[in-house]
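Hi,

Here is the structure I promised to pass on. Have a look at it first, and my notes on what turned up follow right below.

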Amino acid sequence: MQIGMVGLGKMGGNMAERLRRGGHEVVGYDHHREASDVGSLKELVDRLETPRAVWVMVPAGAPTQQTVDELGKLLSEGDVVIDGGNSHYVDDQKHAAELAEKGIRFVDCGVSGGVWGLQNGYALMCGGDDSVVQHMMPIFETLKPEGEDGFVHAGAVGAGHFAKMVHNGIEYGMMQSFAEGWELLEASDIVTDVKGCFSSWRTGTVIRSWLLDLLVRALDSDEHLEELRGYAQDSGEGRWTVQAAVDHAVPLPVITAALYARFASRQEDPPAMKVVAALRNQFGGHAIASAEGSVGMGADSPGADVTPPKVR
Ligand SMILES: NC(=O)c1ccc[n+]([C@@H]2O[C@H](COP(=O)([O-])OP(=O)(O)OC[C@H]3O[C@@H](n4cnc5c(N)ncnc54)[C@H](O)[C@@H]3O)[C@@H](O)[C@H]2O)c1
Ligand SMILES: O=C(O)[C@H](O)[C@@H](O)[C@H](O)[C@H](O)COP(=O)(O)O
């Protein structure tokens, strides 16, 4: 099958390669000219035979919106746009409606597998009409991992990215759980081979998993993660998962805590904890750490000369 790929970065570049290896013809376009087969989105569209199929694999938000807007002007009735980036499912519903005005069909496709997908295949979660999903099946079959699993047509437009969003929420919780277990083991004196524990858990245990394999891989190159800062970004999926949970009144304490742990990781000196320290000092005369780094009540500490209330 012939397909256009917009965005040839870590994901789109490897996906184009996997599709080519699978016998498909791929025309790639990226802002970075050296990675591209064509010089513009218009040229990409002109190179494809109708009905055309264009896979969008650029960052979610403005880059995806801009690409969908431009494709809406360039494509024709019967053509297909697939958004494989980590877009918010709410955006899918808007994009599908905009493209439908010209008879252009839309599929949202959550993609998982990261930079390992070229060799392992990409897990795919699709949303859209059955007819257009069936039409694109040769592409999905080549991208997905071998075997029966690794592909789902999750529902109507938006369902693919909704499923990917929840997948990523689970990913946040699992990673945070490994992280906390690792910190506790490192802090203890009892266990002297922390990496050995994680490595041994890869076989036979209840928690054996790909994330565990990847953690052991990271520890193999930096056993105590001394080369890293404890700083974690997020690109939206966790926030949207928590927002959807609020909308549906579904309690997600683990995923929410994992998201908040990332926010906390970016704070050098957490402002909220200043309030907690100030209040402990006010009511209990408890020690505070000064901005300069010393710890203590200080000569002018209110706790130093306050007579505590009598306990009845
Ligand atoms: N990296 C992952 O593990 C992973 C996994 C699944 C999904 N995703 C999603 O896939 C998408 C791409 O991720 P990535 O990791 O390949 O990012 P990336 O930054 O490696 O690549 C994005 C590419 O898109 C190009 N680009 C940006 N805007 C463009 C535009 N308007 N027109 C043409 N090209 C444009 C950039 O030049 C870049 O080469 C994102 O939505 C991301 O969230 C990433
Ligand atoms: O399933 C996957 O392949 C990953 O989840 C992938 O989608 C990507 O690595 C996330 O974009 C990271 O998301 P955060 O930046 O929110 O951690």
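A quick word on naming before the findings: helices here are DSSP runs of H or I with at least four residues, numbered from the N terminus. In that scheme, N168 sits in helix α8. Keep in mind that this is a predicted model.

I spent most of my time on ligand 2. Its surroundings consist of N86, S112, G113, G114, K164, H167, N168, E171, Y172, D234, S235 and R262. Helix α8 (residues 159-187) gives the largest share of that shell, with five residues. Both domains take part too: domain 1 (2-157) and domain 2 (164-265) each supply at least three residues. By character, the shell splits into seven polar residues, four charged and one nonpolar.

Now for the polar contacts. K164 has a polar side-chain atom 2.6 Å from an oxygen atom of ligand 2, and a side-chain N or O atom of R262 is 2.7 Å from an oxygen atom of the ligand. G114 uses its backbone instead, with an N or O atom 3.4 Å from a ligand oxygen. As for cover, ligand 2 has 420 Å² of accessible area on its own, and the protein covers 73% of that.

Back to N168, then: is this residue buried or exposed? Its relative accessibility is 7%, and buried means under 20%, so N168 counts as buried. Beyond its neighbours within four places in sequence, N168 is in contact with N86 and E237. Of these two partners, N86 is also listed around ligand 2.

Cheers

How values were computed
Residues are numbered from 1 along each chain as its sequence is written. Chains are lettered from A and ligands numbered from 1 in the order in which they are written. This is a predicted model: local features need pLDDT of at least 70, side-chain atom pairs count only at pLDDT 80 or more; totals for chains, interfaces and linings use all residues. Side-chain values use heavy atoms; hydrogens and water are left out. A residue is near a molecule or strand if one of its heavy atoms lies within 4 Å of it. A polar contact is a pair of N or O atoms within 3.5 Å; within protein, one must be able to donate a hydrogen and the other to accept it, and residues adjacent in sequence count only if both atoms are side-chain atoms. Accessible areas come from the Shrake-Rupley method with a 1.4 Å probe; for residues, only the protein chains shown count as cover. Helices (H or I, at least four residues) and strands (E, at least two) are DSSP runs, numbered from the N terminus. Ala, Val, Leu, Ile, Met, Phe, Trp, Tyr, Cys and Pro count as nonpolar, Asp, Glu, Lys and Arg as charged, and the others, Gly among them, as polar. Domain bounds come from an automatic or database domain assignment. Buried means under 20% relative accessible area, exposed over 50%, partly exposed in between (1.4 Å probe, protein chains only). Contact means heavy atoms within 4.5 Å.
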